[in-house]
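User: I have a model open at my bench and would like to understand the labels people attach to it. Could you walk me through the reasoning, one label at a time?

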Amino acid sequence: MGVYAYFLVLLLTIYHGAFSNGGITSSFVRKEAKSIDMPFHSDVFSHPPGYNAPQQVHITQGDHVGRAVIVSWVTQDEPGSSTVVYWSQNNKKFKSTGRITTYKYYNYTSGFIHHCKIKNLEFNTKYYYEVGSGGTTRRFWFTTPPPVGPDVPYTFGIMGDLGQTYDSNLTLTHYEMNPVKGQAVLFVGDLSYADHYEFHDNSRWDSWGRFAERSTAFQPWIWTAGNHELDYEPSIGETKPFKPFLHRYRVPFKESGSTEPLWYSIKRASAYIIVLSSYSAYGMYTPQYQWLLEEFPKVNRKETPWLIVLMHSPWYNSNSYHYMEGETMRVMFEPWFVQYKVDLVFAGHVHAYERSERISNIAYNIVNGECTPAHDQSAPVYITIGDGGNIEGLANNMTEPQPKYSAFREASFGHATLEIKNRTHAYYSWHRNSDGYAVRADTVMFYNRFWHPVDDSTTKNYQ
Ligand SMILES: *[C@@H]1O[C@H](CO)[C@@H](O)[C@H](O)[C@H]1NC(C)=O
Ligand SMILES: *[C@@H]1O[C@H](CO)[C@@H](O)[C@H](O)[C@H]1NC(C)=O
Ligand SMILES: *[C@@H]1O[C@H](CO)[C@@H](O)[C@H](O)[C@H]1NC(C)=O
Ligand SMILES: *[C@@H]1O[C@H](CO)[C@@H](O)[C@H](O)[C@H]1NC(C)=O
Ligand SMILES: [Fe+2]
């Protein structure tokens with residue numbers, strides 16, 4: 001698009017933003033072509049060369065504070081070795097040996113899935129690691145986070161609903177090429193969309209693992225389960241929800257006192273991240289409810305000022321797709337989010353981008369009729385970032401008028417970055433795939449709710 005056209009869009013956007021009921025409904029014009037999955041023979045799905053070569057390598061945080069990493073990979077021909085050899089610059093090599101798991105799904109049999117936790121790592125250190133055996137080993141690297149502390153700067157990338165289309169590849173490329181360098185990814189669920197295929201063709205889980213490896217092998221992705229991780233299909237005898245996902249992706253749930261890998265927490269630098277499951281029970285007395293009840297009081301904002309929650313199904317979403325699907329969980333948990341002053345909530349599911357102002361809707365008690373979202377400086381900002389580019393395409397049918405609390409919404413593919421500067425400031429940007437790598441399409445300086453609870457709303461006519 002030419003410079004002139006770009007300014008026109010910008011002007012329209014500003015004009016619209018100033019006079020609509022809510023915030024901005026961006027009028028950015030995008031191609032309407034449907035997203036299609038990259039075929040199996042695409043470059044991004046190529047198998048690494050060599051007999052039994054480790055593939056689909058991915059890492060995630062392996063403990064509560066960032067001194068451990070879970071390394072996972074798949075071997076196809078035979079089990080091979082589950083040992084990870086790792087070392088930091090000029091230091092001796094360490095070894096850790098993990099375990100192999102396999103699973104069957106209808107008529108699909110998985111490769112040998114290896115998970116190995118490496119522990120007692122130094123903070124803030126670059127490590128190299130090697131997996132594989134025989135003649136075929138592969139080497140990767142990652143950097144551990146700085147020690148947990150209140151003013152530690154750290155940059156997260158945020159993606160959701162990625163899938164494996166040409167648009168997914170663009171989203172990942174934009175994340176990689178963004179001059180703002182994410183150090184870890186907060187992933188809000190819906191990975192491979194293998195369930196889009198007949199019998200949930202699980203070789204699409206394998207291809208997704210190979211596609212994402214170029215990022216997941218080098219920095220931790222913090223996993224949230226989405227509905228496309230359920231793979232629940234009684235018609236073909238698959239009645240155990242989350243089977244492929246849980247075999248392939250491990251998280252450090254026991255370290256945060258959780259009893260299930262679908263909800264857990266980690267600390268990383270100056271952030272405390274709570275991951276919730278939209279597709280597990282969360283009503284009163286359920287394990288997830290009980291865990292979260294006990295979890296919030298454990299968060300020490302003097303140690304980790306930034307309290308961030310990840311979930312798949314958004315609570316505040318003004319798109320007509322998946323409208324109000326997150327409502328039951330909101331009813332259960334929102335009072336706690338306000339009480340404990342959660343800074344930010346990231347969700348996916350809706351294939352578009354939306355950012356709310358700080359609002360809550362917790363006054364209602366079934367007889368008082370008080371059921372309107374209200375400006376609330378103790379409440380989080382809700383961000384829907386399900387715009388990774390999967391095969392289901394964009395969700396471009398918004399409810400009208402735009403609600404007052406909705407600060408910015410647009411049906412385009414993209415990703416976000418959160419640059420935590422210190423205990424008071426975090427600079428957030430959303431990037432759309434159709435712009436240049438350095439362009440920030442929506443930006444906000446967020447102020448911490450514990451240390452600097454100053455109004456950071458962006459909609460002029462909102463207050
Ligand atoms: C699974 O069954 C389907 C339908 O019968 C068939 O098309 C597919 O090739 C089978 N896959 C495997 C791995 O046997
Ligand atoms: C995916 O993106 C990468 C990086 O931009 C590029 O090298 C590759 O050719 C792309 N593959 C497909 C199938 O679009
Ligand atoms: C858009 O959403 C509205 C409200 O849910 C619905 O009535 C309408 O049919 C939708 N339009 C399209 C084109 O899907
Ligand atoms: C925190 O970061 C912001 C943004 O970079 C900066 O303006 C502010 O001075 C910093 N605060 C302290 C105490 O350094
Ligand atoms: Fe979803």
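User: What percentage of the 463 residues of the protein chain count as buried?

Analyst: Happy to help! Keep in mind that this is a predicted model. In the protein chain, 59% of the 463 residues count as buried. The label goes to residues under 20% relative accessible area.

User: Why is Phe 140 called buried or exposed?

Analyst: Set its value against the cut-off. Buried means under 20% relative accessible area, and Phe 140 has 4% relative accessibility, so Phe 140 counts as buried. Phe 140 has its place in strand E11, which covers residues 136-143.

User: Which residues does Phe 140 touch, not counting those up to four places away in sequence?

Analyst: Its contacts are Val 57, Tyr 127, Tyr 128, Tyr 129, Val 131, Glu 213, Ala 217 and Phe 218. To earn a place there, a residue needs heavy atoms within 4.5 Å. Take Tyr 127: 13 residues separate Tyr 127 from Phe 140 along the chain, and their C-alpha atoms are 8.5 Å apart. The cut-off concerns heavy atoms within 4.5 Å, so Tyr 127 can be listed as touching Phe 140 with that C-alpha separation.

User: What secondary structure does the protein chain have, and why is the chain called as compact as a globular protein of its length?

Analyst: The count comes to six helices and 26 strands. As for compactness, the radius of gyration is 22 Å, while the globule rule gives 23 Å for 463 residues; the two are close, so the protein chain is as compact as a globular protein of that length. Along the principal axes, the C-alpha atoms fill a box of roughly 65 × 50 × 45 Å.

User: Which residues are around ligand 2?

Analyst: They are Met 38, Ser 42, Asp 43, Val 44, Tyr 166, Asn 169 and Thr 173. By type, this shell divides into three nonpolar, three polar and one charged.

User: What makes Asp 43, Asn 169 and Thr 173 polar contacts of ligand 2?

Analyst: The test is a pair of N or O atoms within 3.5 Å. A polar side-chain atom of Asp 43 is 2.5 Å from an oxygen atom of ligand 2. For the side chain of Asn 169, the distance from an N or O atom to a ligand 2 oxygen is 2.4 Å, and for Thr 173 it is 3.2 Å. Each pair therefore passes the cut-off. Ligand 2 taken alone exposes 360 Å², and the protein buries 55% of that.

Definitions and conventions: Residues are numbered from 1 along each chain as its sequence is written. Chains are lettered from A and ligands numbered from 1 in the order in which they are written. This is a predicted model: local features need pLDDT of at least 70, side-chain atom pairs count only at pLDDT 80 or more; totals for chains, interfaces and linings use all residues. Side-chain values use heavy atoms; hydrogens and water are left out. A residue is near a molecule or strand if one of its heavy atoms lies within 4 Å of it. A polar contact is a pair of N or O atoms within 3.5 Å; within protein, one must be able to donate a hydrogen and the other to accept it, and residues adjacent in sequence count only if both atoms are side-chain atoms. Accessible areas come from the Shrake-Rupley method with a 1.4 Å probe; for residues, only the protein chains shown count as cover. Ala, Val, Leu, Ile, Met, Phe, Trp, Tyr, Cys and Pro count as nonpolar, Asp, Glu, Lys and Arg as charged, and the others, Gly among them, as polar. Helices (H or I, at least four residues) and strands (E, at least two) are DSSP runs, numbered from the N terminus. The radius of gyration is taken over C-alpha atoms; the globule rule is 2.2 Å times the number of residues to the power 0.38. Buried means under 20% relative accessible area, exposed over 50%, partly exposed in between (1.4 Å probe, protein chains only).
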